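Colleague: I am new to this structure and should like to understand how its descriptive terms are justified. May I ask, for each term, what stands behind it?

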Amino acid sequence: MKYVHREMGESAEASNPGPAGMRREIAFLLGAAAVLFLAGYFAIGWTVELILPRISVERERAWFSGFSLAERVGQPNGAEETARFTRAQETLTRLAAQPGVPALDYKLVFVAEERPNAFAFPGGTIGITRGMLQLLDDETSMAFVLGHELGHFAQRDHLRGIGRALGRAIAWTILFGDTSDALTKNAGTLLDLAHSRHQENGADIFGLTLVHGAFGKTAGTDRLFVWLEQRQRQPAWAQWVQTHPDPGNRVQRLREHAKQLGAAK
Amino acid sequence: MDDPNTLETYDWIAVALVYGLPILGLIFFGFIGAYVERRHYAALRIREAATARLPIMTARTLETGRLVADARLVATEVMISHDYFKRFLAQLRNLFGGRIRSYDTLLDRARREALLRLKEQCPDASIIANLRLETLCVTTSRRNSIVGVELIAYGTAIRYA
Amino acid sequence: MTPPVLNDIVLTNLETVPGRQIIEHYGLVSGSTVRAKHVGRDIAASLKNLVGGELRGYTELLQESRAESTARMVAQARALGANAVVNIRYSTSSVAQGAAELYAYGTAVKIA
């Protein structure tokens, strides 16, 4: 058979999608992926909310009674610090006796860190740092911080966090096997931060109410926030990515709530 | 209730790195990859125009009556990889199914490059007969994303007397 | 264009050697090499993986593998007393995690 030369022209690249085809592909894939992730995120959140009320406080106690923070726990140094720590423990016992606080075995542990911070761990353990003990020298502010952490327990926030992380891990394994693409793995974390802000606000209110109920006054609590606010000026957009709301707003909200409580009394 | 001064700088750097770096990487390498691809295609078209007179066929039947001066095996290989963004698109495709359009050009480029090299190996041949292609996909150790394709092309270069 | 390569043994992937006649054939001859294809470990290749393009190092590796497999096949043919190998085919396959085999096979014949 004889060869005759012919030109194919454009159909030589018929198998390629071309620039228009690629644009459509990118738009479809990114759009569909965004929808899928959002749907998955809300589905996980909704499932966790559904399950949470079915976990009674007794069950939570049973599950987490053995929880310990051995590696971070320290001992208070010196007489002054020890005295403050003991006072904080007494305050905690007093607040825990208030109505509305779930019946867990609360214990206070000392964390040897310089940054003022307080943590709530599953099972009723509350950690408080050296920095926080030094910062709060009157009973009302300490009571507010402890009350805030008790608020987290009342809202079952720590369980929520665990449930969501679990849900995310399961969904991830189902969809991807074990790819770890750094981008998509962290996509859920940003949305979780927003959830945390809502939780923090709720805990604030709870803490304030507890303090009011136990001590009958709320004047000292916002001193902490005014002090924090004065230390630096945070731009409004920084609020979005931090787990704790901008102290300025917090102070405002707390003042309003305190006024309400005072008026109701 | 963290110390706000330390919180700001540290947290912002962390956030920027965790979210920003992969996204920026995708976009950046996507553009570079598109540019590299365009340049390759331009070069391919020029080389194809230059060697258009040498035909390749998969058939084994040669022209009857013509005397064959030489016949020898010619073979080439090429391995081509794709950019980060196109691989990411392919991973998304794995979720939804359907045609993985981002890989079409990868295979097209590999094939055309291999065939061109075949032709360039024997410029004075009359025809290359019995073309065969072998493709192998090279994946990462996690077996979820294709890193590149390797292609072997071979045939017999015939020179008529 | 010089005819046969590889020291006077004619190689072709057609069923016959055009212009010559096959007198006898000696059966299947083959050669194979296995090479590591773990592209992810090579730093230069990883950079190319980000922007796309040809991985020249691996192309050369492939070239060597192919030359090696073909040489092994030809050695077998020579041992059988053949002077040509026809109907040559190449095949690549993934044999294990990170390894690929290149297999060359054909029929050893004697041509007139």
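Modeller: Let us begin in chain C, where β4(C) and β5(C) pair in the antiparallel sense over ten bridges. This is a predicted model, in which local features need pLDDT of at least 70, side-chain atom pairs count only at pLDDT 80 or more, and totals for chains, interfaces and linings use all residues. Residues are numbered from 1 along each chain as its sequence is written, while chains are lettered from A and ligands numbered from 1 in the order in which they are written.

Colleague: What makes β4(C) and β5(C) a pair?

Modeller: Two strands pair if DSSP finds at least two bridges between them. The ten bridges of β4(C) and β5(C) meet that requirement, so the two strands count as paired. Within β5(C), C:E101 is the residue opposite C:S93.

Colleague: What is meant by a strand or a helix here?

Modeller: Both are DSSP runs numbered from the N terminus: helices are H or I over at least four residues, and strands are E over at least two. Chain C has two helices and five strands by that rule, in the sequence order β-β-α-β-α-β-β.

Colleague: Which strands of chain C form the open sheet, and in what order?

Modeller: There are four, arranged β1-β4-β5-β2 with mixed pairing. β1 (10–11) and β2 (22–36) of chain C each have a single partner strand, which is why they stand at the edges, one side of each being left without a neighbour in the sheet. Between β2(C) and β5 (residues 99–111) the pairing is antiparallel, over 13 bridges. In that pairing C:V34 lies opposite C:E101, and C:R35 has C:A100 as its bridge partner.

Colleague: What packs on this sheet, and at what angle to β2(C)?

Modeller: Helix α2 (residues 56–79) of chain C does, touching β2, β4 (84–96) and β5, and its direction makes about 145° with that of β2(C). Angles run from 0 to 180 degrees between N-to-C directions, and axes are lines fitted to C-alpha atoms, for helices over the stretch in contact.

Colleague: How many residues of chains B and C are in contact, and how is contact decided?

Modeller: Two residues are in contact if their C-beta atoms, placed from the backbone, lie within 7 Å. On that basis 42 residues of chain B meet 38 residues of chain C. The elements giving two or more residues to the chain B side are α1 (4–50), β1 (68–83), β2 (127–139) and β3 (146–160). β1(B) supplies the largest share, 13 residues. By class, this side has 22 nonpolar, nine polar and eleven charged residues. Nonpolar covers Ala, Val, Leu, Ile, Met, Phe, Trp, Tyr, Cys and Pro; charged covers Asp, Glu, Lys and Arg; the others, Gly among them, are polar.

Colleague: How do you know that β1(B) pairs with β3(C)?

Modeller: Two bridges join β1(B) to β3 (residues 52–54) of chain C, in the antiparallel sense. The rule asks for at least two, so this pair qualifies. The bridge partner of B:I80 in β3(C) is C:E54.

Colleague: Why is α3(A) called oblique to α5(A)?

Modeller: Helices α3 (residues 78–96) and α5 (residues 139–154) of chain A pack at about 55°, with axes 9 Å apart. Angles under 35 degrees count as roughly parallel, over 145 as roughly antiparallel, 65 to 115 as roughly perpendicular and the rest as oblique. The angle falls in none of the named ranges, and α3(A) is therefore oblique to α5(A). The residues of α3(A) in the contact include A:L92 and A:L95, and those of α5(A) include A:M142 and A:L146. By class this contact has eight nonpolar, two polar and one charged residues.

Colleague: Why is B:N130 called buried, and why is C:N87 called partly exposed?

Modeller: A residue is buried if 20 or more other C-beta atoms, placed from the backbone, lie within 10 Å of its own, exposed if 12 or fewer, and partly exposed in between. B:N130, in strand β2 of chain B, has 23 such neighbours and therefore counts as buried. C:N87, in strand β4 of chain C, has 17 and so is partly exposed. C:D8, in the segment before β1 of chain C, has 10, which makes it exposed.

Colleague: What is the phi of B:N130 and of C:N87?

Modeller: Phi is near 55° in B:N130 and about 55° in C:N87, which is not a glycine. Most residues other than glycine have a negative phi.
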